Each structure stands twice: as structure tokens, then as C-alpha cells.
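The exercises below ask the reader to work through one protein model, each with a solution that goes step by step. Please keep the sequence and the coordinates at hand while reading.

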Amino acid sequence: MASGESGIRATARLVRFAEHEARAEALRAQLAGLHGTIRLAKRTSNLFRARTTTSTPGLDVSGFTHVLDVDPLARTAEVEGMVTYEQLVDATLPHGLMPLVVPQLKTITLGGAVTGLGIESSSFRNGLVHESVLEMELLTGDGRIVVARADNEHSDLFHGFPNSYGTLGYALRLKIELEPVKPYVRLDHVRYENTEEYFAALDEACRTGSADFVDGTVFGPGEQYLTLGTFTTSAPATSDYTWLDIYYKSIRERETDHLTVRDYLWRWDTDWFWCSRAFGVQSRLPRLLLGRKLLRSSVYWKLVALDRRFGIAAKILKLRRLPPEETVVQDIEVPLSRAAEFLDFFRREIPISPVWICPLKQRPGGANSPLYEMEPETRYVNFGFWSAVPLDPGEEPDTHNRLIEAEVTRLGGRKSLYSDSFYTEDEFWRLYNGDAYRKLKTAYDPDGRLLDLYAKCVRRR
């Protein structure tokens, strides 16, 4: 019987991969039949860059949503590029496994996280998402389907694909590493009043490996929380932050907590960290009415897209005779040695709270992307902040974002490119290795069928 079941699984796997190959070939043919500059035709996105309206043809990748294989013995998974992390986690947890880094929001795709970078509370030991990728099958701008690995003829693309944001090619299939999990995660929320002590404690937790997950939340001066997550086989009770209760508020209210591993991975999704407050859904009644299915980041993103389309928030501010606001939605990394300095600048210049804190370091032996270079032995701190800031009379609409960019550069850091950027072209290519990018562009998209990275991330084409 066991042998028969194994044979059925092997046959089903062959069928899944054959169907994938057919989809890949159809997409390659679709690209060949399109003219001009090409974009992905996607219904959803987790990017926060406004884009100009365009008639650019769209490449339909909507069919690439299949988990092709989970190998519990090898601890690997093979998935198509548009598979969401929610799908992947649901496929791996029954085997007692998870991806080495699971970005915070359910609808982030594997392909998107690799080409656009991804981070979470395991990044202090596992680096960024792309560092646990073993192999990528990519449709390049020049119409080829190539398999890129660290040790083959396309190793340049394997290393250069992260932070290229779909300007070199699109991920059709990825093979990634998995790691074992336990059923529950114990959380210890430790408050610090002193900033230097806070970052010293964060450094100590990362160096000693005393926890499996490390992140933090800064509510204000003197109220800085370090959250240490530890796998455990049992829990006295578990909390539920998928409906009525709100995770980020619990950080202030509870010193210790327990979650199932799945609920831990998605602890931030229900309220989009804390951004759901902008939609008025953090009080009891709306949460009761909306239910679990509507309290999730993908729904809030649709509301943001609606606001961008019709300028609803700006019109409300004008009606209330309030000053216009500048959207400040960014994730940046600076070396841990400069983290307190950045936080001091941020408190002084940018009136946004809370702020998410997440340490990261390149994984030993992990791939370092030339388009987002980090010092292998340096521990960095990611700061995430997502809100809007009132503008004083006469201030330009990009005032605060430009201040942040300049300070991050001064401190030897980088910022993620998923949101608005305002660098000059010279600044941009100096920070994101224009020489390496141009070599890759020449090799894999010589005719410019896909957008240029600067045009996409700064000019917002």
C-alpha cells in the first residue's frame, strides 16, 4: 500500500510539473507576441509606488499560482512565482516545516518577495528571503526561459535578480529551503526606556541565539519593546489576533503570550501591523461586523488603491481645512551601530508612531545581491514606518521622504524600493550598483522590453 501511495504521489508530481512547463511555454509565446515595453498584468500588488497610467501591454502570469512540490525529507519546496506565502505556509506546515523567512503579509508572492526583497523576525539568523532560494526558473526580457542557480552559467542572474523588481525577468518557478517548526511560539515582550540599552539587548538576543524570532515595536521615547519568539511544543493557552483582539496592542498589555505557529507568522496581517486604524476598524463593533475574512491586509490594500484613484483622503483634509499630508511609507536598513542615531533623527523629524524594528544579517553562506549590497559580517536594523505627515505651508510634497533618504545614506544604510523614491539618477545608481545592473540588463534584456529599474522605482512608470 505504501509503495502504491508513493507511486501515485510521484505521478501527480510529474503531472504538476508537466502542466507548469506548458504554462511557462505559453507565457514565453505570449511575450514573443507582444510589442513594446512589457509589464506584468497583475490584479494585486503589495507595492506602494504610485504609477503613471499606461497602455503598456500586460503579461498574464495569473496562472502561476501552484505549489508544485513539498519535499519533507530534503526540506525544500518548489512553487510557481505567483504563489502567495499564505498558500505556501498552508502547504508546508502540515509537514512541520516553514520557509526560512515568511514576510508579514499573506498575499506577498514568492516571486515578488525575491525580486523585491523580503524580511521578517527570523532574518537575524536567515537573512532576506532570497538567501534561502536554491534555484529560479525565469522568463527573461529577451524571451528566454532560463534556470538560474548559484553554480551554473546563469549565476549572475541568480545573484542579481533580488532587488531588480521585474526589470530583468519574471520568476516562473522557485525552489526554496524549508526549516522545521514546533506547534507554538512563546512571545516575551520586554520594555526598555533607554534607546542604547534597547539596541544593545537586541544585539545580545541576536548574537546568543536565545530566541528563534526577534523583532520590536517602538511606540515612543521610553516605550520600546523587544519581542522574543521561541518555538515550543506546548502552550498553556493561545491568543487569537485574527478577529476581535489586536496584536500590536497586546505588546503593551502582556509580558508573555503564546500563539500557534501559523497565527504567529500572520500576527501582523489582520491589522496590517497597525495601519488598519486609518480605516476605523480597531474598535469592537466594526470588527464584529466585518469578521475574520475582511480583516486582512489584502482588503486594506484595495481601500488604499481606491483612495489613490479618487484622492478621497486629500479631499477630506481639504473639506476639514486641514493641511495636506505627505505619505511616508518606507522600510530602511542601517547598521545596528547607527540604529540609535537613526531613531533619534526619526523622532525629531518624522511624527509617525509606532515604528517596527527588525534585525537582519546576511545568512552564513547566503547569496549577497549586487543590487542590494550588505556587509556580510554587519548586523543591520530594519525600521518600518507607514503613515502620513502633515505638511507645513510651503513644504514640498516629498520633504520628509527626502530627509529620510539623505539620513539613511549618511548612516551607511539602504532603503527598500517597494514605495516612493526620490533619488537623482546618479544617487540611485551609486547606491544600487548601476554598473552591475547594466551588465545584467545587457545580458538578459538587451532590447529594453522590460522597464529600467530607475524608471520603475523613481520615475514610477
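A polar contact is a pair of N or O atoms within 3.5 Å, where within protein one atom must be able to donate a hydrogen and the other to accept it, and where residues adjacent in sequence count only if both atoms are side-chain atoms. The model is predicted, with local features needing pLDDT of at least 70 and side-chain atom pairs counting only at pLDDT 80 or more, while totals for chains, interfaces and linings use all residues. Residues are numbered from 1 along each chain as its sequence is written, and side-chain values use heavy atoms, with hydrogens and water left out.

**Exercise 1. Describe the surroundings of Gln-330.**

Step one is to place the residue: Gln-330 belongs to strand β13, residues 325-335, where helices (H or I, at least four residues) and strands (E, at least two) are DSSP runs numbered from the N terminus. Step two is its accessibility: Gln-330 counts as buried because its relative accessibility is 2%, given that buried means under 20% relative accessible area, exposed over 50%, and partly exposed in between, with a 1.4 Å probe and protein chains only. Step three is the polar partner: the side chains of Gln-330 and Asn-401 are joined by a polar contact of 2.8 Å. Step four widens the view to contacts, meaning heavy atoms within 4.5 Å; leaving aside neighbours within four places in sequence, the residues in contact with Gln-330 include Phe-383, Trp-386, Lys-415, Tyr-418 and Asp-420.

**Exercise 2. Trace the strand pairings that involve β9, β10 and β11.**

Start from the criterion that two strands pair if DSSP finds at least two bridges between them. Strand β9 (residues 184-192) runs antiparallel to strand β11 (residues 223-232), and nine bridges join the two; within β11, Leu-226 is the residue opposite Val-190. Strand β9 also pairs with strand β12 (residues 256-260) in the antiparallel sense, over five bridges, and there Asp-188 has Thr-256 as its bridge partner.

Next, take strand β10 (residues 213-220), in which eight of eight residues are buried. Seven bridges pair β10 with β11 in the antiparallel sense, with Val-218 bridged to Gln-224 in β11. These two strands form a hairpin with two residues between them, and Gly-222 in the turn has a positive phi of about 80°. Finally, β10 runs antiparallel to β14 and is joined to it by three bridges, with Thr-217 standing opposite Trp-356.

**Exercise 3. Which residues of helix α12 are buried, and how are they arranged around its axis?**

The first step is to list them: in helix α12 (residues 339-349), the buried residues are Ala-339, Phe-342, Leu-343, Phe-345 and Phe-346. The second step is to look down the axis of α12, where the buried residues fall within an arc of 160°, so they line one face of the helix; the arc is that of the directions from the helix axis to the C-beta atoms. A general point helps here: an α-helix has 3.6 residues a turn, so residues three or four places apart point the same way.

**Exercise 4. Characterise the nonpolar cores and relate the largest one to the domains.**

A nonpolar core is a set of buried Ala, Val, Leu, Ile, Met, Phe, Trp, Tyr and Cys residues joined through side-chain atoms within 4.5 Å. The largest core has 86 residues, of which Tyr-85 and Phe-428 touch the most other members. This core draws at least three residues from each of domain 1 (1-181) and domain 2 (184-415), the bounds coming from an automatic or database domain assignment. A second, separate core has 33 residues, among them Val-214, Ile-332, Leu-336 and Val-381.

The domains can then be compared in space: the centres of domain 1 and domain 2, taken over C-alpha atoms, are separated by 26 Å, and the contact takes 41 residues from domain 1 and 43 residues from domain 2.

**Exercise 5. Where do Pro-354, Asn-163 and Trp-272 lie, and what marks their backbones?**

Begin with Pro-354, which lies in the loop between α12 and β14 (355-360) and is joined to Ser-353 by a cis peptide bond with omega about 0°. Asn-163, in the loop between α5 (155-160) and β8 (169-180), has a positive phi of about 75° although it is not a glycine, and at 0% relative accessibility Asn-163 counts as buried. Trp-272 is in the loop between α8 (261-265) and α9; its phi is positive and near 50°, and Trp-272 counts as buried at 7% relative accessibility.
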